[in-house]
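Visitor: Take me through this one, please. I'd like to settle a term or two and then go around the model piece by piece.

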Amino acid sequence: MNILVFDQAGQLAGALARRVIEAILARPDLVLGLPTGRTPQLLYAELGTLTCETRTDWSAVRTFNLDEFVGLDGRDPESYRQYMERQLFAGVRVTPHHVGFLDGKASDLEEECDRYERAIASAGGIDLMILGIGVNGHIGFNEPAPGLQARTHRVALCPETRAANAALFDGDLSRVPTEGLSMGMATILRSRTIVLLATGEEKAAAMTAMLEGPITTAVPASFLQLHPDVTLMLDRGARTSPR
Ligand code: GLP
């Protein structure tokens, strides 16, 4: 894995935003995999600014987000779909029908997961997958468990994951859904290039486990060790030795 450590989270966001813009300029119909959470917010803001400055055209870009809450649909203000609308899509003018998203309110969630796998395959697969990481080493909503799912699937959320997402629900943990839909580990690992972002000391233990520990379902991110083209972009906090 390539590991890039930045002094400031803002520098990291700027460097990755430039890489994304260069990738779109080289390939206007780039297929991007995208995360939610606090970590990518600076990246998304930077992408809005750089897109304006460089007049980059996103109209042919296709996107697939990693995950969504079960029970919320794309119009729900607390959904990841609406988070993406606020943080990125409005700023860079992605063509609405090029946005791939899981519908957490689909009547048949199993079929919804299959539909997502088919949609990613028919887009030709994901060229550049950008990932965050949970404090427990989760990727998307692939939570630590005795076994991981390969394909897009429905998953019960861990208490720490629900707590980390409470801010989206006005800090009210009782309103955070107990289940999610997520791309599976094989879906993620089929991406041609992967960039994982981690900032802050609260991610340091997960980074150490992922980089220095064995490949284990207890740390889903450790499976990234199997991929030939992964770059970790970290700030100093995320690369400190965990206490
Ligand atoms: C959520 C998302 C993940 C994200 C993680 C980290 O649970 N489902 O895709 O990577 O949180 O979030 P944050 O960046 O806020 O720490």
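Guide: Let's fix one term: a polar contact is a pair of N or O atoms within 3.5 Å; within protein, one must be able to donate a hydrogen and the other to accept it, and residues adjacent in sequence count only if both atoms are side-chain atoms. Bear in mind that this is a predicted model, where local features need pLDDT of at least 70 and side-chain atom pairs count only at pLDDT 80 or more, while totals for chains, interfaces and linings use all residues. Residues are numbered from 1 along each chain as its sequence is written, and side-chain values use heavy atoms, with hydrogens and water left out.

Visitor: Which residues come nearest to the ligand?

Guide: A residue is near the ligand if one of its heavy atoms lies within 4 Å of it. There are 14 residues around the ligand, and those that come nearest are Arg 38, Thr 39, Asp 67, His 138 and Lys 203.

Visitor: How far is the polar side-chain atom of Thr 39 from a ligand oxygen atom?

Guide: Arg 38 brings a polar backbone atom to 2.7 Å from an oxygen atom of the ligand. Lys 203 uses a polar side-chain atom, 2.6 Å from a ligand oxygen. For the side chain of Thr 39, the distance to a ligand oxygen is 2.5 Å.

Visitor: With those contacts in place, how much of the ligand's accessible area does the protein cover?

Guide: Accessible areas here come from the Shrake-Rupley method with a 1.4 Å probe. On its own the ligand has 390 Å² of accessible area, and the protein covers 96%.

Visitor: How many residues of the shell around the ligand are polar?

Guide: Asp, Glu, Lys and Arg count as charged, Ala, Val, Leu, Ile, Met, Phe, Trp, Tyr, Cys and Pro as nonpolar, and the others, Gly among them, as polar. The shell has three nonpolar and three charged residues, and its polar ones number eight.

Visitor: Is Thr 95 buried or exposed?

Guide: Thr 95 is in the loop between helix 3 (80-92) and strand 5 (99-100); helices (H or I, at least four residues) and strands (E, at least two) are DSSP runs, numbered from the N terminus. Its side chain reaches the backbone oxygen of Ser 59 at 2.7 Å. Buried means under 20% relative accessible area, exposed over 50%, and partly exposed in between (1.4 Å probe, protein chains only). Because its relative accessibility is 18%, Thr 95 counts as buried.

Visitor: What is the relative accessible area of Arg 55?

Guide: Arg 55 is in the loop between helix 2 (41-54) and strand 3 (62-65). Its phi is near 50°, a positive value in a residue other than glycine. Arg 55 is exposed, with a relative accessible area of 75%.

Visitor: And what is the positive phi of Arg 93?

Guide: Arg 93 belongs to the loop between helix 3 and strand 5. It is exposed, at 68% relative accessible area. Although it is not a glycine, Arg 93 has a positive phi of about 55°.

Visitor: How far apart in space are Ile 24 and Val 61, C-alpha to C-alpha?

Guide: Ile 24 lies in helix 1 (residues 9-26) and counts as buried because its relative accessibility is 2%. In sequence, Ile 24 and Val 61 are 37 residues apart, but in space their C-alpha atoms are separated by 7.4 Å.

Visitor: What separates the C-alpha atoms of Ser 79 and Glu 68 in space?

Guide: Ser 79 sits in the loop between strand 4 (67-69) and helix 3. It counts as buried, at 0% relative accessibility. Ser 79 and Glu 68 are 11 residues apart in sequence, and their C-alpha separation is 6.8 Å.
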